[in-house]
Amino acid sequence: MSLASRRFRVAAIAGLVPALISSARAHDIPNARVDRSIQVEIAPAEIRATYEVAMAELTLTTDLRSLIGALEGADRPTWFRRYGEVVGPLNARGLLLTIDGEPRDWDCRGYRLVVEDHPRFFFDFRAAVPERGRAKIQDTNYASSEGTSRLAVRGLPGVRVEGDDLPTDVEAIAVRPVWELTDSEELRSKQVEVVFGPAEASSRASVPSAITTETRDETTVRATSGSRLTRLLDRPPDDLLGHLGLGLFAVVIGMLHGIQPGHGKMLAVAGSVGSTRPRRTALILASSASAAHLGLVVIVAVGLAATGSTDHSLVQRSLLTFSGFAIAATGAWRLGRLLRGDSTSADGGIVGEPSAGGLVRLGLAAGSLPCWEAIAVFAIAAAVGRPWLGCMLVACFSLGLGLVVMLFAELGGRIASASRWKGRGAMPWIHLAGAAALLVIGCSLLFG
């Protein structure tokens with residue numbers, strides 16, 4: 001093989017590294033927070049509030065399980081509906097209302113649920129009010145949450161509202177994280193005081209009511225609701241599709257998920273090993289990565305349920321540190337050996353060839369960042385009394401991820417093997433590029 005050909009091959013491999021690393025970012029962490037939007041409307045003799053709550057499925061499960069424990073024999077939609085039934089009255093009590101200094105109680109009339117990327121509840125609160133007065137509304141729910149909050153008040157036809165400078169439509173108020181707000185802006189996002197009374201005749205044709213006068217208690221779940229994995233829990237235990245069919249779906253979802261951003265690290269590691277025994281390397285690496293993924297999903301889900309912790313970012317940072325250090329250390333060790341000129345090991349093999357133990361350790365490190373949606377599906381399954389189903393789905397999902405890792409590992413190994421056919425002189429360059437890639441990937445996780 002000519003020097004120019006070798007350089008071209010090394011440059012091609014090195015050029016893949018940035019592309020792989022760019023997709024190697026960690027999974028999006030589910031926000032352990034609750035976002036609220038509160039639209040208050042004052043009608044003649046009645047005040048109404050549409051209290052919108054949005055959160056991740058894992059956050060919903062953690063909160064509800066702390067309130068009622070497990071719900072044996074339920075499915076995912078039933079679990080979500082139970083949240084609305086339990087939390088609605090609690091939120092009504094936490095939305096403080098005073099009229100002329102006297103506390104008033106809200107009547108929770110029901111809720112509407114829409115599940116898209118995450119569950120969104122629209123609670124309907126009502127209370128009687130006099131013809132005129134001073135109303136103060138203060139939201140004390142989810143006090144420890146860092147989620148966003150918006151609050152708007154408007155008068156319906158026949159009612160004049162004064163005393164607030166913000167838009168009367170909550171959708172016209174910008175969504176801003178709490179750390180961007182001043183103290184006064186943060187207070188206003190949860191508290192408002194207005195004066196209301198009869199409107200003059202010329203202004204009575206203004207704003208239509210956003211809430212009907214009928215009591216509502218319904219669930220609307222759109223066809224694209226939730227993640228593809230958690231939607232498998234929508235099926236009841238005796239569904240005709242059967243557990244085998246659910247497992248096959250989970251494998252396919254895992255394979256599709258494996259080629260999306262979030263698992264680039266896993267694939268980059270698999271493609272960078274560069275073994276001349278690709279089938280053996282791929283099998284060991286994929287098996288250990290899948291086992292690590294499954295084990296950590298169960299451990300993290302059980303740990304969150306047992307402790308009630310919502311600090312998901314701390315869990316993610318800890319796993320990133322472990323994974324990044326292990327991958328970087330492996331790459332640095334291999335790179336050091338190669339740069340010292342140790343092109344062969346004691347038994348005459350190539351130094352860049354990983355041992356079985358090394359592949360297992362590398363696979364465990366690569367699989368040590370479980371998907372948060374997999375954690376959510378196990379947590380929900382356990383909450384509805386079917387942890388075995390959650391474990392089966394996560395195992396099949398991990399298997400799908402493992403198959404993709406196996407494909408990339410074997411592909412990388414076959415590239416290295418093809419180089420050997422054309423001359424042994426190319427192998428040190430191939431292994432040098434692979435070791436450097438592992439070092440860069442590990443450092444990007446450790447310090448990124």
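Let me begin with aspartate 100, which is partly exposed, with a relative accessible area of 49%, and which sits in the loop between strand 3 (95-99) and strand 4 (102-104). Please keep in mind throughout that this is a predicted model. What draws me to aspartate 100 is its backbone, since its phi is positive, at about 55°, although the residue is not a glycine. Most residues other than glycine have a negative phi.

Alanine 45 is another residue to put beside it, with a phi near 75°, again a positive value in a residue other than glycine. This alanine lies in the loop between strand 1 (35-43) and strand 2, and strand 2 itself covers residues 46-54, with glutamate 46 among them.

So is glutamate 46 buried or exposed? At 18% relative accessibility glutamate 46 counts as buried, because the cut-off for that class is under 20%. If we leave aside the neighbours within four places in sequence, glutamate 46 is in contact with Glu41, Arg109, Arg126, Ala127, Ala128 and Val129, and you may want to keep that list at hand while looking at the structure.

Let me step back to the chain as a whole, which has twelve helices and eleven strands. Of its 448 residues, 48% count as buried. Among the contacts in the chain with a separation of 6 or more, 80% are accounted for by residues 24 or more positions apart.

Now to the helices, and to helix 10 in particular, which runs over residues 372-383. What span should we expect for helix 10? At 1.5 Å a residue, its twelve residues should span 16 Å, and the end C-alpha atoms are indeed 16 Å apart, so the expectation and the model agree. Eleven of those twelve residues are buried, which means that helix 10 is largely enclosed by the rest of the structure. The buried residues include Trp372, Phe378, Ile375, Val377 and Ile380, along with a number of alanines such as Ala374 and Ala381. Just after the helix comes glycine 385, which takes a positive phi of about 80°.

Which residues bring helix 2 and helix 10 together? From helix 2 they are Glu57, Leu58, Thr61 and Arg65, and these meet Trp372, Ile375, Ala376, Ala379, Ile380, Ala382 and Ala383 in helix 10. Sorted by class, that contact has eight nonpolar, one polar and two charged residues. As for the geometry, helix 2 (residues 57-68) packs against helix 10 at an angle of about 30°, with the two axes 9 Å apart. Since angles under 35 degrees count as roughly parallel, helix 2 is therefore roughly parallel to helix 10. The crossing of helix 2 past helix 10 is left-handed.

The last pair is helix 8 (residues 312-339) with helix 9 (residues 356-366), which pack at an angle of about 145°, their axes being 8 Å apart. Here, too, the crossing is left-handed. On the helix 8 side the contact is made by Phe322, Ser323, Ala326, Ile327 and Thr330, and on the helix 9 side by Leu362, Leu364, Ala365 and Ala366. In terms of class, the contact of helix 8 with helix 9 has seven nonpolar and two polar residues, and no charged residues.

Definitions and conventions
Residues are numbered from 1 along each chain as its sequence is written. This is a predicted model: local features need pLDDT of at least 70, side-chain atom pairs count only at pLDDT 80 or more; totals for chains, interfaces and linings use all residues. Side-chain values use heavy atoms; hydrogens and water are left out. Helices (H or I, at least four residues) and strands (E, at least two) are DSSP runs, numbered from the N terminus. The expected span of a helix is 1.5 Å times one less than its number of residues. Buried means under 20% relative accessible area, exposed over 50%, partly exposed in between (1.4 Å probe, protein chains only). Axes are lines fitted to C-alpha atoms, for helices over the stretch in contact, and angles run from 0 to 180 degrees between N-to-C directions. Angles under 35 degrees count as roughly parallel, over 145 as roughly antiparallel, 65 to 115 as roughly perpendicular and the rest as oblique. A crossing is left-handed if the near helix is turned anticlockwise from the far one by less than a right angle, and right-handed if clockwise. Contact means heavy atoms within 4.5 Å. Ala, Val, Leu, Ile, Met, Phe, Trp, Tyr, Cys and Pro count as nonpolar, Asp, Glu, Lys and Arg as charged, and the others, Gly among them, as polar.
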